[in-house]
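Please find below some notes on this structure, set out as numbered points. They may be read with the sequence and the model side by side.

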Amino acid sequence: MLRPRTPEEAVAAVLSYGHGARGAIARGLGRAHGDAAQNAGGTVLDLTGLTRIRAVDAVAGLVVCDAGVGLHRLTQALLPLGWCVPVAPATRHVTVGGAVATDVHGANHPAAGSFSRHVVSLDLLTADGQVHTAVPGMPLFDATTGGLGLTGAILSVTLRLLPVETALMRVDTERATGFDDLLARFTAPCHRHRHTVARVDLLARGAATGRAVLVRADHAPYDALPPRVRRTPLALRPGGLPGGLPGSAGVAALLDGLRSRAGRPGTGRPLPLAAFLHPRDGLLRGHGRRGGFVRYEVAVGDGQEEALRRVVGRIAARGRAAGPGVLKRFGEAGPGLLSFPPAGPGWGFAVDLPASSGGLGRFLDELDEEIAAAGGRVRLAEDARLRPGLVAAMYPGLGEFRELRAALDPGAVFVSDLARRLGL
Ligand SMILES: Cc1cc2nc3c(=O)[nH]c(=O)nc-3n(C[C@H](O)[C@H](O)[C@H](O)COP(=O)(O)OP(=O)(O)OC[C@H]3O[C@@H](n4cnc5c(N)ncnc54)[C@H](O)[C@@H]3O)c2cc1C
């Protein structure tokens with residue numbers, strides 16, 4: 001593992017060590033659940049040493065920063081200026097480079113797309129030691145966004161930001177009684193919220209399969225703030241507001257309280273931005289980061305809801321899920337050739353399953369078949385077990401990705417365990 005602290009050190013590391021037999025792969029904070037940032041026997045470039053926020057245009061809402069900057073630090077720097085990261089994964093402990101390379105999505109995908117839609121340009125260190133600037137519309141951009149580090153190491157990113165008046169979200173919570181009700185509520189035309197996510201009770205069976213708490217939210221305007229926080233509308237409050245409003249632990253309890261009826265319906269609850277956007281940070285301390293669990297994350301397009309129902313139903317019937325499932329809605333995909341969201345509108349579902357539960361491999365293989373038959377896909381960034389035969393069907397952009405990668409990096413300097421296993 002090498003930890004360059006400047007772009008020049010990163011170039012030197014690739015030229016000196018990347019050309020060994022097992023190549024090199026970039027790594028951020030290692031939050032991807034699978035083997036995308038691993039390279040057994042080879043070089044791993046830990047880019048968390050590239051930490052500079054280089055420029056902020058607080059008028060236009062643009063930031064230029066090193067790829068190793070974490071979303072948490074970026075938020076700390078930008079929120080007081082009235083800007084926030086436009087797409088947020090459920091943990092803020094990821095790097096900007098990792099967010100681009102896996103093209104992360106949030107609960108606002110229909111409104112905002114995934115992370116890379118907001119990338120204005122990126123600087124990429126390729127296998128020959130050159131640094132290329134890629135912008136939207138370039139094939140190199142499409143292969144790098146969601147490209148899992150296989151085109152090179154992203155050194156810096158220019159990101160377009162979202163303006164916010166406050167550091168709070170206004171949150172509505174409602175219950176869905178089963179799968180049909182859940183999907184109907186998700187797509188109800190009367191709702192125009194920017195963020196929507198559902199936590200699905202995987203202990204519910206039969207007619208109750210798909211029972212869920214649905215959470216919708218928008219960034220709170222200044223006028224909606226409780227009077228006691230109006231003096232500091234843009235202060236980052238990860239742990240909750242004074243006066244007992246719930247922080248991340250409270251959100252987790254709210255969302256995970258399906259069975260105990262704690263997930264009470266409610267309208268307009270104010271929640272700190274970080275607590276709403278990154279609920280899994282509140283769970284990490286108690287739940288362990290990921291040890292012992294296999295993350296299973298899949299997507300299907302619209303029209304394939306029956307396949308999704310069967311997958312959710314089979315996971316529920318098996319009865320081993322380590323917590324609720326998470327259902328999100330996807331809008332139009334971005335240009336990333338290996339990005340996770342499907343081409344058109346659809347659904348994303350994720351769950352943690354205990355790795356030790358017997359027969360898990362065979363069970364997930366069957367679910368993969370079901371998803372592939374529905375034209376859906378398993379998320380590569382979270383995967384450590386998918387069979388290679390299914391990848392090309394799941395990712396129609398794979399052929400183009402392989403061609404571009406072969407031309408850019410004929411010696412396959414950039415390679416990971418994931419890439420070797422799946423033949424990316
Ligand atoms: C608790 C938890 C919740 C999560 N919630 C979500 C969610 O809601 N939505 C979502 O989309 N994802 C989510 N994820 C997944 C995670 O956010 C992403 O996989 C993210 O990429 C991890 O960033 P990282 O910096 O840790 O990258 P790593 O895990 O270190 O690397 C991930 C991939 O990015 C590549 N990479 C990293 N840095 C660079 C770079 N500078 N240049 C080139 N390639 C690079 C690596 O090679 C690897 O292929 C979650 C993960 C956890 C643990």
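1. A backbone N or O atom of Ala-36 lies 3.1 Å from an oxygen atom of the ligand. The model is a predicted one, and the distances in this note are computed from it. Two further backbone contacts involve nitrogen atoms of the ligand: a polar backbone atom of His-105 is 2.8 Å from a ligand nitrogen, and a backbone N or O atom of Ile-154 is likewise 2.8 Å from a ligand nitrogen.

2. How much of the ligand does the protein bury? Taken alone, the ligand exposes 960 Å², and 98% of that area is buried by the protein. Several elements give two or more residues to the surrounding shell, namely β1 (24-27), α3 (96-101), β8 (153-160) and α9 (279-287).

3. The shell itself deserves a closer description. There are 34 residues around the ligand, and those that come nearest are Ala-26, Gly-28, Arg-31, Thr-95 and Thr-102. Sorted by class, the shell comprises 17 nonpolar, eleven polar and six charged residues. Both domains take part: domain 1 (7-164 + 394-422) and domain 2 (168-385) each supply at least three residues to the shell.

4. A separate point concerns strand β16, which spans residues 346-354. Why may this strand be described as largely enclosed by the rest of the structure? Nine of its nine residues are buried, so the description is justified; a residue counts as buried when its relative accessible area is under 20%. The side chains can be followed along the strand: Gly-346, Gly-348, Ala-350, Asp-352 and Pro-354 point one way, while Trp-347, Phe-349, Val-351 and Leu-353 point the other way, and all of these residues are buried.

5. The pairing of β16 with other strands should be read together with its burial. Strand β14 (residues 293-301) pairs with β16 in the antiparallel sense, over nine bridges. Within this pairing, Ala-299 has Gly-348 of β16 as its bridge partner. Strand β15 (residues 325-330) also runs antiparallel to β16, and five bridges join the two. Here Val-326 stands opposite Ala-350 in β16.

6. Finally, Val-63 may be examined as a single residue. Is Val-63 buried or exposed? With a relative accessible area of 0%, Val-63 is buried. Val-63 belongs to strand β4 (residues 62-66). Its C-alpha atom is separated by 28 Å from that of Phe-401, a residue 338 positions apart from Val-63 along the chain.

Methods
Residues are numbered from 1 along each chain as its sequence is written. This is a predicted model: local features need pLDDT of at least 70, side-chain atom pairs count only at pLDDT 80 or more; totals for chains, interfaces and linings use all residues. Side-chain values use heavy atoms; hydrogens and water are left out. A residue is near a molecule or strand if one of its heavy atoms lies within 4 Å of it. A polar contact is a pair of N or O atoms within 3.5 Å; within protein, one must be able to donate a hydrogen and the other to accept it, and residues adjacent in sequence count only if both atoms are side-chain atoms. Accessible areas come from the Shrake-Rupley method with a 1.4 Å probe; for residues, only the protein chains shown count as cover. Helices (H or I, at least four residues) and strands (E, at least two) are DSSP runs, numbered from the N terminus. Ala, Val, Leu, Ile, Met, Phe, Trp, Tyr, Cys and Pro count as nonpolar, Asp, Glu, Lys and Arg as charged, and the others, Gly among them, as polar. Domain bounds come from an automatic or database domain assignment. Buried means under 20% relative accessible area, exposed over 50%, partly exposed in between (1.4 Å probe, protein chains only). Two strands pair if DSSP finds at least two bridges between them.
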